[in-house]
Amino acid sequence: MDLFLQTLLNGLLQSGLYALVASGLALAVGVLGIVNFAHGEFLMIGAFLAWAASTYLGVDPLLAMPLVAAAVFAVGAFTYRVSIRHVLLAPELNQMLLTFGLGILLQNLALMLLGGNTRTVSTPYQASSLQLGALSIGGPKAVAFALAAVVLGALYAVLYRTDLGRQMRAVAQNRRGAQLIGINVDRVYLIAFSVSCALAAVAGVLVCVLLFASPAVGLVFALKAFAIIVMAGLGNLTGVLWASALLGVSEALVQTYVPGGGGWSDAVFFLMIFGTLVLRSFRGAR
Amino acid sequence: MKTLLMTVGLLALSGAGAVKVGVLLPLSGASSVTGQAARSGYQLALDEINRSGGVLGKPLEVVFADDGSAPAKAVPEFVKLVTVDRVDFMAGGVSSATSIAISGPAKQYNTFMAWIGAAAVPVEDAFADDKYFFHYHPWAYYNFEAILSYFRYLKTYKGAKNIAIAYEDGPFGSAGIDATVAAFRKAGFNVVLQEKFKTGSGNFGPLVSKAKAVNPDILYWIGYDTDALPLATEIRQQNLKLGLLYGTPPSWPVGFEKNALADNVAGLSLWLPGSPQAESRKFVAAYKAKFGTVTEEYFAPLAYVNLKTLAAAINRAGSTDKDAVAAELAKTNVPTPFGPLTFSRSNKTQYQGFKAGNWLHFQFQGDARVPVFPIKSAQKPMVYGR
């Protein structure tokens, strides 16, 4: 029984990190209507900035998080200005090729500037945990989970309780209509894309604390974020949390109870995407 | 005539006729820590060789190529070195996967290879009885022999009996896992868990929970550097009490030794900067003089020994004739930072350099890698958690 409960807990805690990564991606998809294949690379930049803050400035990665998020927000704004906004009205294939190329460019830039080495940080709370009887709750993962809940709550509040949020929803629903009523669509897109990148960076800081920073670290999480937003429904922020929990717990159950399950964990999210798409098409056919 | 003289002059000035060694290394990608360490070793050896007269009376030339830790990139880089750069000899090689990939072109071009890495047995199969393949690094079964000897010691003196194995699901972790389990069982251990994991996923929660349920004395981990910290973190968070966490990654994450979570994690190395041999001390001093720092990666001295012994064999052969150089290299008997180097048969290849007896077991203690086994090489007592 302890193993089963710990497995559920492992999955839930892991899902916090997934939700953080997926929330930014869901925002970009929901507002701009663009699938950002470079999302994992913005996470990687966040991880490296946190590592640099800790290694060279002696600043705790979690304390550096607001600055890291602001820096990557600026990188996102620059990226939007020089590349993304030029393909917003282009066919989807062009958008995908652009963001895919951007991802490769950023990853190779990191390789050239920093090499392929795995970088880690050392913090006093890295191995902290709360023991509840036989169950353990890892400190940094609990922080990631709480942060994901706060971030998603804040995003929801911004989208449904503020003028900017109303503008974002209006732009997402009908770009032309929003323009006609005087909304500065370009500005809304710029903010949405930059916030999306900043959220990836926040996840990157936690990845740096929990795991490591390396040029390829974003890929695993970006793939899982894609699975989550497909499950949640493209652009559906409220669905991200439950979809992340479903993915995290499914992975943990497979890893614990299926023989050789550790090798199957990457297949879980592909199965989830497949299952979700089949279910949706079945519902659509009815 | 004038043109001919000019051409000859230009060729002489350009160093035409100098011996060229192609060095294929993973300078980027998953094995880049190892590849970059090896490159430093080659550069140091190259300096020393050329300072002492070069090879066959001319400065030795080394052409580096990056295989990107990927077989798909290794093959064209290898072919370019052999056909475009027209190197006389090939050296380097770290990963087993890239070495298997280039075994085809190596046979096609009948390439002379002085190889420093690639421990997996499928590489040995690919180069079985090749008369131009000199393998410096011990094969995987020599590595395992060394590990088994350490674990036997732990069984006798610390009561270690139950082993859990966590292995990555690629060729590095999975090839030979059945033989590993069988060998542990034959040696009287209980293999209480064998779990695959995806390298780089960082998701060790379920694996550690399962290990906790079976209460192992030793957790033997076969994976890459990216997994070291997440695994150590999860073990501490879930309060898994072990006698020893023992890992065999090709390299460890940069700065891992400074993390408190690294304390008492043990591993395998052919060499440590504190190794007592005179050749090791000489290497450390020369390395420090050139790079201003000391490396902990054994691939640096391994590459150094590799190029020095190859250059010496070419000089003794008096030409770049492959048969003559192979005959001379086969006679190598020199002191190295790892102990004496001679070549003898392995299970399948003609020329095997270092074997099980060259391995050292270390433990991260107080920000450093400290040799703890074999006992004659131990600098501090090992910390065993039970």
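## Interface between chains A and B

In this predicted model, the rule finds 1 salt bridge across the interface of chain B and chain A. The pair concerned is A:Lys141 with B:Glu234, whose closest N and O atoms are 3.3 Å apart. Across the interface of these two chains there are also 12 residue pairs in polar contact, both residues of each pair being at pLDDT 80 or more. On the side of chain B that touches chain A, at least two residues each are supplied by helix H2 (32-51), strand S7 (190-197), helix H10 (205-214) and helix H11 (228-237) of chain B. The largest share of that side, 6 residues, comes from H11(B). By residue class, the side of chain B that touches chain A divides into 10 nonpolar, 17 polar and 10 charged residues.

As for the extent of the interface, 37 residues of chain B are in contact with 37 residues of chain A. The area buried between the two chains is about 2800 Å², and carbon and sulfur atoms give 51% of this area.

## The parallel sheet of chain B

Chain B holds an open sheet of 6 strands in the order S2-S1-S3-S4-S5-S13, and the pairing in this sheet is parallel. Strand S2 (61-66) and strand S13 (351-352) of chain B stand at the edges, and because each has a single partner strand, one side of each is left without a neighbour in the sheet. Helix H3 (residues 71-83) of chain B packs on this sheet, where the helix touches S1, S2, S3 and strand S4 (113-115) of chain B, and the direction of H3 makes about 175° with that of S1(B).

Within the sheet, strand S1 (residues 20-25) and strand S3 (residues 89-92) of chain B run parallel and are joined by 4 bridges. In this pairing, B:Val23 stands opposite B:Ala91 in S3(B).

## The mixed sheet of chain B

Another open sheet in chain B has 7 strands, ordered S7-S6-S8-S9-S10-S14-S15, with mixed pairing. Its edge strands are S7 and strand S15 (368-373) of chain B, each of which pairs on one side only. From one strand to the next, the twist averages 30°. Strand S7 of chain B is thus placed in two settings, as an edge strand of this sheet and as one of the elements that supply at least two residues to the side touching chain A.

Strand S9 (residues 244-247) and strand S10 (residues 266-269) of chain B pair in the parallel sense over 2 bridges, and B:Tyr246 stands opposite B:Ala266 in S10(B). H11(B) packs on the sheet through strand S8 (218-222) and S9 of chain B, both of which the helix touches, and its direction makes about 160° with that of S8(B). H10(B) lies across strand S6 (162-168) and S7 of chain B, and runs at about 175° to S7(B). Both H10 and H11 of chain B are also among the elements that each supply at least two residues of the side touching chain A.

## Salt bridges over the structure

Over all chains, the structure holds 19 salt bridges. One of them lies within chain A, where A:Glu251 is paired with A:Lys224 and the closest N and O atoms are 3.0 Å apart. This pair links distant parts of the chain, with A:Glu251 in helix H10 (residues 237-257) of chain A and A:Lys224 in helix H9 (residues 217-232) of chain A, 27 residues apart.

## Backbone geometry in chain B

Most residues other than glycine have a negative phi, and most peptide bonds are trans. Chain B departs from the first pattern at B:Arg86, which has a positive phi of about 50° although it is not a glycine. The place of B:Arg86 is in the loop between H3 and S3 of chain B.

A cis peptide bond joins B:Phe373 and B:Pro374, with omega at about 0°. B:Pro374 lies in the segment after S15 of chain B.

How values were computed
Residues are numbered from 1 along each chain as its sequence is written. Chains are lettered from A and ligands numbered from 1 in the order in which they are written. This is a predicted model: local features need pLDDT of at least 70, side-chain atom pairs count only at pLDDT 80 or more; totals for chains, interfaces and linings use all residues. Side-chain values use heavy atoms; hydrogens and water are left out. Contact means heavy atoms within 4.5 Å. Buried area is the accessible area (1.4 Å probe) that two parts lose on being put together, summed over both. A salt bridge is a side-chain nitrogen of Lys or Arg within 4 Å of a carboxyl oxygen of Asp or Glu. A polar contact is a pair of N or O atoms within 3.5 Å; within protein, one must be able to donate a hydrogen and the other to accept it, and residues adjacent in sequence count only if both atoms are side-chain atoms. Ala, Val, Leu, Ile, Met, Phe, Trp, Tyr, Cys and Pro count as nonpolar, Asp, Glu, Lys and Arg as charged, and the others, Gly among them, as polar. Two strands pair if DSSP finds at least two bridges between them. Axes are lines fitted to C-alpha atoms, for helices over the stretch in contact, and angles run from 0 to 180 degrees between N-to-C directions.
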